[in-house]
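Colleague: I'm new to this protein and would love a guided look. Could you put it up so we can talk it through?

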Amino acid sequence: MTRPNQPASAAVSDDALFGPEADAYARYRPGLPDAAVHLLAATQHGVPAPVLLDLGTGTGQVPRALLPVLPRLVHIDLVDLNGAMLEAARAALEPVRGACTVDVFTGAAHTFAPAAPGRAPTLITCCRSFHWMARPEVLSMADQVAAPHAAVAIMGDGSLWTHEADWTADLRELIQRYLGEDRRAGTGGTYAGPGRSYEEDLADSAFSEVAEHCFPVSRTWAPEDVLGYLRTTSFARPALFADHHHEFEAAALRLLQEHASGGVLEENAVFTVLLARRPGGAA
């Protein structure tokens, strides 16, 4: 799974990117396809006491989707650089976690260490966030903490910046008129060209047995919801526009309304799951 745009640096602070936007992130970011959630749950067949480690958890979309399908989960570790995101994730899990315990770890994914012994993760997930991380170091950490038969799932479906449609192309061009040709990231950085693929990262790790699963996804967006989504992104956050953000949003709303058919915009994406294990590590 190659991302068409990689960040110039994995060291960009998540607090700088997403600190104020936890509520909007939970509201406007698309969830996981049901088929992908069931694939994750299937990796735990035969595992008596599943433990989930969710890296770059954001507002907890992965565990929130997985718990109803895999109620046997006994423990979840949530990892993120951003404390506001972690609090939102913990709150989202509270009504559905049942007897499952939850710990939060505030820090870079590759620095994670379990808070207590006996909680080796049997499933490690990373959804739409692996590109922000020190990837080889993350996979090395995973090898150190994971159970022998653990599965690692690297997942994502790009973004509205990378999606190819008439309306996203025009929206991307509008953003570039305000912020420049290069895709922005962080408070002042830009995205560089593609580096190594995720498959190459995994091939050089302990989790070198990889299966790719692709799930077509069709979504509809209201123009106003696209604006909400953009506020949560690294490439169109309000702070990047300084005093011109209201002007940009007004122009973007007009553009999106012109493209909308019946008041909605269509996105046809592919949600990809790279499911990796150690050689011979099938459960």
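Modeller: Here are some questions and answers about this structure.

Colleague: Happy to start with confidence. What pLDDT does the protein chain average?

Modeller: Bear in mind that this is a predicted model. Of its residues, 89% score at least 70. The average pLDDT for the protein chain is 89.

Colleague: Over which residues does pLDDT stay under 50?

Modeller: Where pLDDT is low, the predicted coordinates should not be read in detail. The stretch you are asking about still has 59 contacts beyond four places in sequence in the model. Even so, its pLDDT stays under 50, and the stretch is residues 2-20.

Colleague: Good to know. Now to strand β3: how many of its residues are buried?

Modeller: Strand β3 covers residues 75-80. His-75, Asp-77 and Val-79 point one way and are buried. Ile-76, Leu-78 and Asp-80 point the other way and are buried too. The number of buried residues in β3 is therefore six of six, with buried meaning under 20% relative accessible area.

Colleague: Which residue in β3 is the bridge partner of Asp-54?

Modeller: Strand β2 (residues 51-55) runs parallel to β3, and five bridges join the two. Helix α4 (residues 61-66) belongs with these strands in a right-handed β-α-β unit. As for Asp-54, its bridge partner in β3 is Leu-78.

Colleague: And which residue in β4 is the bridge partner of Val-79?

Modeller: β3 is also joined by six bridges to strand β4 (residues 101-106), and these run parallel. With helix α5 (residues 83-93), β3 and β4 make a right-handed β-α-β unit. The partner of Val-79 in β4 is Phe-105.

Colleague: Let's turn to the interior. Which element gives the most to the largest nonpolar core?

Modeller: The largest nonpolar core has 29 residues, and those with the most contacts inside it are Leu-66, Ile-76, Met-155 and Phe-271. Elements that give two or more residues to this core include α4, β3, α5 and β6 (151-156). The element giving the most, with five residues, is α3.

Colleague: How many residues are in the other core, apart from the largest?

Modeller: In soluble globular proteins, nonpolar side chains tend to be buried together. Here the other core includes Tyr-28, Leu-171, Leu-230 and Ala-260. Its size is 24 residues.

Colleague: Last one, back to α3: which of its residues are buried?

Modeller: The cover over the buried residues of α3 includes helix α4 and strands β5, β6, β9 and β10. Beneath that cover, the buried residues are Ala-36, Val-37, Leu-39, Leu-40 and Ala-41.

Terms used: Residues numbered from 1 in each chain as written. Predicted model: local features only at pLDDT ≥ 70, side-chain atom pairs only at ≥ 80, totals over all residues. Heavy atoms only, no water. pLDDT = per-residue confidence, 0-100. Contact = heavy atoms within 4.5 Å. Buried < 20%, exposed > 50% of the residue type's maximum accessible area, 1.4 Å probe, protein only. Helix = DSSP H or I, 4+ residues; strand = E, 2+ residues; numbered from the N terminus. Pairing = 2+ DSSP bridges. Right-handed = clockwise from strand over helix to strand, strands pointing away. Core = buried A, V, L, I, M, F, W, Y, C linked by side-chain atoms within 4.5 Å.
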